[in-house]
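Some labels below depend on cut-offs. Each answer puts the computed value beside the cut-off.

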Amino acid sequence: MPAIQTNYSAQHARWIEGMVLNMEPSDIVSRLCEDAEGIGFGKVAVQGTADNQVVDSEATVKFCGIAVLDSTQPTGKYEQYATAAIMKKGVIVVQASVAVAVGDPVYYVPATGVLTNSASGNTLIANAQWDTSTAGAGLAALRLG
């Protein structure tokens with residue numbers, strides 16, 4: 001039998017994308033992943049074709065939430081037709097594309113789902129704010145609701 005894992009990190013990463021950051025009350029709903037390419041953890045999910053479906057970020061479609069990390073998904077994302085956990089309210093770890101500050105508003109690029117604090121050409125996530133700061137692109141806490 002070949003070795004499955006041959007090296008180990010001394011410490012695990014502090015945060016990973018899609019991680020629910022704390023025990024504050026949160027709203028996480030189940031939705032069917034409609035996208036053929038799936039939806040990554042910590043990524044923007046928008047309304048799909050049917051009421052119970054979501055797709056990754058697209059222009060002119062309503063924001064639904066952020067995909068929550070699920071360690072039982074073998075490919076590291078929600079594949080097409082998987083039941084996805086989507087956070088609508090709470091604090092979740094996401095990848096900020098630029099330096100962000102606590103309290104900044106949160107926007108996403110509709111074509112890519114990249115999260116930022118820049119309004120230029122981007123879509124505002126209502127009632128959301130950055131809950132931690134970054135010095136540049138990096139993981140940050142995003143507060144929804």
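Contact means heavy atoms within 4.5 Å. This is a predicted model, in which local features need pLDDT of at least 70, side-chain atom pairs count only at pLDDT 80 or more, and totals for chains, interfaces and linings use all residues. Residues are numbered from 1 along each chain as its sequence is written, and side-chain values use heavy atoms, with hydrogens and water left out.

Q: What share of the contacts with a separation of 6 or more joins residues 24 or more positions apart?
A: Such residues account for 55% of the contacts in the chain with a separation of 6 or more.

Q: Why is the chain called as compact as a globular protein of its length?
A: The globule rule is 2.2 Å times the number of residues to the power 0.38, and the radius of gyration is taken over C-alpha atoms. For 145 residues the rule gives 15 Å; the chain has 16 Å, which is close to that, so the chain is as compact as a globular protein of that length. Its C-alpha atoms fill a box of roughly 50 × 40 × 30 Å, taken along the principal axes.

Q: How many helices and strands does the chain have?
A: Helices (H or I, at least four residues) and strands (E, at least two) are DSSP runs, numbered from the N terminus. By that count the chain has zero helices and 11 strands.

Q: Why are C33 and C64 not called a disulfide?
A: A disulfide is a pair of cysteine sulfur atoms within 2.5 Å. The sulfur of C33 has its closest cysteine sulfur in C64, 12 Å away, and this is too far for a bond. The structure holds zero disulfides.

Q: What makes C33 and C64 buried or exposed?
A: Buried means under 20% relative accessible area, exposed over 50%, and partly exposed in between (1.4 Å probe, protein chains only). C33 has 0% and is therefore buried. C64 has 10% and therefore also counts as buried. Of the 145 residues of the chain, 37% count as buried.

Q: Why is S133 called partly exposed?
A: Its relative accessible area is 46%, so S133 is partly exposed. S133 lies in the loop between β10 (123-130) and β11 (138-144).

Q: Which residues does S133 touch, not counting those up to four places away in sequence?
A: S133 touches V100, A101 and V102. The C-alpha atoms of S133 and G145, 12 residues apart along the chain, are separated by 18 Å.
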